[in-house]
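Me: I would like a close look at one part of this model. Please keep the answer plain and connected.

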Amino acid sequence: MTFEAEQLGESGTELASLLRGLRKRAGLSGDRLAARCNMSQSKVSRIENGRTRPSLVDVEQILRALEAPPELIAEVSALARLANTEWRNLRELRRKGLGTRQTELKALEASSAHMRYLLLSMVTGLLATPEYVRASLMASPAVV
């Protein structure tokens, strides 16, 4: 699955409204859904209002509790993956902890069928030795 740049930023709110709509269509209250998912009612409310981005496990639990059809599960799961791969600000990462984020990314990578990598044209950071940088900049046609 390829994500377009214009999709980023919209998926979190779209996921929240989709989950709220599914719950209402199933005729369940927030309390009943929370009890079926074994999570608090306030967490369900935060997810449905877009204040908390649900993990893939949370989405799976909600969809299972709503007895959603397989094609809908695939669509909502893809949207949840998109929402969980979006840029996260540093404050949120510090609050949740980088270990938690790495665990989420590990699960996402394990469930992926295709992986794409960005390979920089120049080695950066600690791996760039002074000799390498000089040689790279000398080969550059631009005046540096």
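Which residue forms a salt bridge with D58, and how far apart are the closest N and O atoms?

Reply: This is a predicted model, and the distances below are computed from it. D58 forms a salt bridge with K43, and their closest N and O atoms are 3.2 Å apart. D58 sits in helix α4 (residues 56-65) and K43 in helix α3, so the pair ties together parts of the chain that lie 15 residues apart in sequence. The partners differ in exposure: D58 has 10% relative accessibility and counts as buried, whereas K43, at 24%, counts as partly exposed. Buried means under 20% relative accessible area, so D58 falls below that cut-off at 10%.

Helix α3 (residues 41-48) also holds E48. The side chain of E48 meets that of R23 in a salt bridge, at 2.6 Å from N to O. R23 belongs to helix α1 (residues 11-25), and this pair links parts of the chain 25 residues apart. E48 is buried, with a relative accessible area of 7%, and R23 is buried at 11%.

Helix α4 has a salt bridge of its own, between R64 and E60, at 3.4 Å from N to O. These two are 4 residues apart in the helix, so about one helical turn separates them. R64 is exposed at 56% relative accessibility, while E60 is partly exposed at 48%.

The count of salt bridges comes to 3. As for the setting, the chain has 8 helices and 0 strands, and 28% of its 144 residues count as buried.

Definitions and conventions:
Residues numbered from 1 in each chain as written. Predicted model: local features only at pLDDT ≥ 70, side-chain atom pairs only at ≥ 80, totals over all residues. Heavy atoms only, no water. Buried < 20%, exposed > 50% of the residue type's maximum accessible area, 1.4 Å probe, protein only. Salt bridge = Lys/Arg side-chain N within 4 Å of Asp/Glu carboxyl O.
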